[in-house]
Every structure is written in C-alpha cells, then in structure tokens.
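The following exercises ask the reader to work through selected features of one protein model. Each task is followed by a solution in steps.

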Amino acid sequence: PEPVQPGAAAAQAAVQSPPDAAPGSTDKQAAEPPPAPLSTRRYKVDLPPSAEFEMELKRTDANGTRWSGVAHMSWQTDGSKYKVGMEAGISMLVARVNLLVLGSEGEIDDAGIAPLRFTEKRRGRAQTATHFARGDGRITFSVNERSYPLLAGAQDKATVPFQLGAIGRADVNQFSGDIDILVGDEKDASIYRFLLVGEEELDTQLGRIVTWHLARPPKPGSYSARLDVWLAPGMNWFPVQIRNTEANGALTTQTITKITLSGNAGK
C-alpha cells in the first residue's frame, strides 16, 4: 500500500491499492457535469518563509498491517511565485522506493497561494496534471473533460497545509469559524471545510511542539477521507504533522523530524 501525501495534503487521499496495482483508466470520458462549487470567503494571509521538511511516515492498513517510510517536502517562495514539492516512499533493503510524488507551482496573490499547475505521480500509474487556468477562470484536468470555476484562494493537495499556515500567521482569529477552501484534486475539485479541533502538544524528534489542530471531516458525496493538519505557531505556522484517515479505517500519519529554513526562495 502506498502512503498519503503530506500536503496534503497534503495533501488528501491515500493510495488504496498496492504499488503494483494496475493503473486506473485515464481516458477522457464524457460524464455528467459536476456541481459547481459554492463561493468561499477570502482570508487574510501571511505566507511562511521558504523551508525544507523531513518527515517520518507511519501507516496502518485496514487489515492492521503496519508500514513505515519517509517523506520530504519543499516550500519555496520569493514573495511573487512559489514551488512546492513532495516525495513519499519506503526503504527496501538498499534502495528507497518513491510511492508518491507531488509538484505544484504558481504565483502569490492577495488571496495567498495561487496554483497554476499541480502534478501527481503514483507508483505504477501515469502522472496526472491539474491546471488552474486563471485567464479562463477554470480548473481543468488531464484525465477527463471536467472543469470547475476557479475561485479566489483555490488550492491543490500539495499547497493546502501551507495556505492554512498562512491564514493562521495572518490572523489566528480566522480559525474561530469554518475554513472553506476549494481544492483541485487529480480529477475533480471540491470545497474542503476545516474545523479547529483545538490546541495540542505533539511529541516529535524536534521535541514537544505546541500546535493548532485543524480537521477536515469526511463529506458525503465529495470525499470519504478525514484529513488532520497540525500547525506550529512557534515554527512559522508550518505543518508539523498530517494524518489521513480513509473510509476503510486505514491511517497514514506524517510527523516532522527536521525543518531547514531555505535561503534560495523561489529557485
């Protein structure tokens, strides 16, 4: 089984088939138009500085099988443009096997991170691309003909944790209400609604870290997984732990082991 991305994101859905599973169909098929997303409110943002992140990855499958691995995230910005990269994998004997690679690049605007292109590559499957066509005001996909309105503040799975951090950095009181963000996935888009769970302390390889815990519970008809993100106010509101809980009970947790502030922003 393959682990979920940290970007959640992050990041959002863990791979639910083994690494050597047959790739899913990527033919462009005619389908009923998806429902148009609702509008989302704008948030004040203050983007965190560029940094590199190392994370430990632990996964428990629905049948109880346990896996471990490592993930690397890169967040780079020069204040006008950004790049996010993520690799998650497992170590096998003398080699590391990447199970998931995410990439996102775009601009920074008054709504925060503004993706232009998001790519996702899972082991054994072709790379997919999601395009945020700002000139046309649409989100489109390489795997189908769907398109969605491009709302202000829209994100992809790799940028969501950093956008949440930017919202907290700008004004933590914004977390007193629901945080709604339109997120483009590899084949569709939906509004993620994050709720503040509370302040929690995490035990990590960097010591005990005070965090703000946000959660996106499953939403019937849109996504079946729960996504939890822990942001560290004392560490630039960086995401220091991300957890994905699948509908079948499989659990993937990624926890920070090292943060390195980067001086090559935007490169």
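**Exercise 1. State which ring Arg-216 lies over, and describe the surroundings of that ring.**

Solution.
Step 1. In this predicted model, Arg-216 lies over the face of Tyr-192, at 4.4 Å from the ring centre.
Step 2. Tyr-192 has a relative accessible area of 3%. The cut-off for buried is under 20%, so Tyr-192 is buried.

**Exercise 2. Classify the aromatic pair formed by Phe-141 and Tyr-148, and then the pair of Tyr-192 and Phe-194.**

Solution.
Step 1. The whole structure contains nine aromatic pairs.
Step 2. One of them joins Phe-141 and Tyr-148, with 5.9 Å from centre to centre and 90 degrees between the planes. Planes over 60 degrees apart count as edge-to-face, so the pair of Phe-141 and Tyr-148 is edge-to-face.
Step 3. For Tyr-192 and Phe-194, the ring centres are 6.3 Å apart and the planes stand at 55 degrees, so this pair is tilted.
Step 4. Relative accessibility can then be added for the partners. Phe-141 is buried at 4%, and Tyr-148 is buried at 4%. Phe-194 is buried as well, with a relative accessible area of 1%.
Step 5. Ring pairs also link a cluster, made up of Phe-53, Trp-75, Tyr-82, Phe-162 and Phe-238.

**Exercise 3. Determine which parts of the chain are tied together by the salt bridge of Lys-157 and Glu-186.**

Solution.
Step 1. The structure has 16 salt bridges. In one of them, the side chains of Lys-157 and Glu-186 meet at 3.2 Å, N to O.
Step 2. Lys-157 belongs to the loop between β9 (155–156) and α2 (160–170), while Glu-186 belongs to the loop between β10 (179–184) and β11 (189–204); the pair therefore ties together parts that are 29 residues apart in sequence.
Step 3. Lys-157 is buried, at 1% relative accessibility. Glu-186 is buried too, with a relative accessible area of 17%.
Step 4. Both residues also take part in a network of salt bridges that links Glu-120, Arg-122, Lys-157, Asp-185 and Glu-186.

**Exercise 4. For the salt bridges of Arg-193 with Asp-180 and of Arg-208 with Asp-203, decide whether each residue is buried, partly exposed or exposed.**

Solution.
Step 1. Side chains of opposite charge can pair when their charged atoms come close.
Step 2. Arg-193 and Asp-180 form a salt bridge at 2.8 Å, N to O. Arg-193 is in strand β11 and Asp-180 in strand β10, so the pair ties together parts that are 13 residues apart in sequence.
Step 3. Arg-193 has a relative accessible area of 43% and is partly exposed. Asp-180, at 15%, is buried.
Step 4. The side chains of Arg-208 and Asp-203 meet in a salt bridge at 2.5 Å, N to O.
Step 5. The cut-off for exposed is over 50%. Arg-208 is exposed, with a value of 53%, and Asp-203 is exposed, with 61%.

**Exercise 5. Describe the second largest pocket by its volume, its lining and the classes of its lining residues.**

Solution.
Step 1. The second largest pocket holds about 180 Å³ of space.
Step 2. Its lining includes Glu-56, Lys-58, Arg-59, Thr-60, Asp-203 and Leu-251. The elements that contribute two or more residues to this lining are β1 (51–60) and β15 (251–261).
Step 3. Sorted by class, the lining of this pocket comprises one nonpolar, five polar and five charged residues.
Step 4. Asp-203, listed in this lining, is also the partner of Arg-208 in a salt bridge.

**Exercise 6. Identify which element gives the most residues to the lining of the largest cavity, and state how many residues of α2 are buried.**

Solution.
Step 1. The largest cavity has a volume of about 80 Å³. It is lined by 13 residues, of which Arg-41, Tyr-43, Ala-152, Gly-153 and Gln-163 are the closest to its centre.
Step 2. At least two lining residues come from each of α2 and β10. The element that gives the most is β10, with three residues.
Step 3. The lining of the largest cavity divides into seven nonpolar, three polar and three charged residues.
Step 4. In α2, nine of the 11 residues are buried, so the helix is mostly covered. Among these buried residues are Phe-162, Gln-163 and Leu-164.

Note on methods. Residues are numbered from 1 along each chain as its sequence is written. This is a predicted model: local features need pLDDT of at least 70, side-chain atom pairs count only at pLDDT 80 or more; totals for chains, interfaces and linings use all residues. Side-chain values use heavy atoms; hydrogens and water are left out. On a 1 Å grid over the protein atoms alone, a cavity is a set of points where a 1.4 Å probe fits but cannot get out, and a pocket is an open set with protein on both sides within 12 Å along at least five of seven lines; lining residues have an atom within 4 Å of a point. Grid points are joined across faces, edges and corners, and a volume is the space filled by probe spheres set on the points. Helices (H or I, at least four residues) and strands (E, at least two) are DSSP runs, numbered from the N terminus. Ala, Val, Leu, Ile, Met, Phe, Trp, Tyr, Cys and Pro count as nonpolar, Asp, Glu, Lys and Arg as charged, and the others, Gly among them, as polar. Rings of Phe, Tyr and Trp (its six-membered ring) pair if their centres lie within 6.5 Å; planes under 30 degrees apart count as stacked, over 60 as edge-to-face and the rest as tilted. Buried means under 20% relative accessible area, exposed over 50%, partly exposed in between (1.4 Å probe, protein chains only). A charge sits over a ring if NZ of Lys or CZ of Arg is within 6 Å of the ring centre and within 35 degrees of the ring normal. A salt bridge is a side-chain nitrogen of Lys or Arg within 4 Å of a carboxyl oxygen of Asp or Glu.
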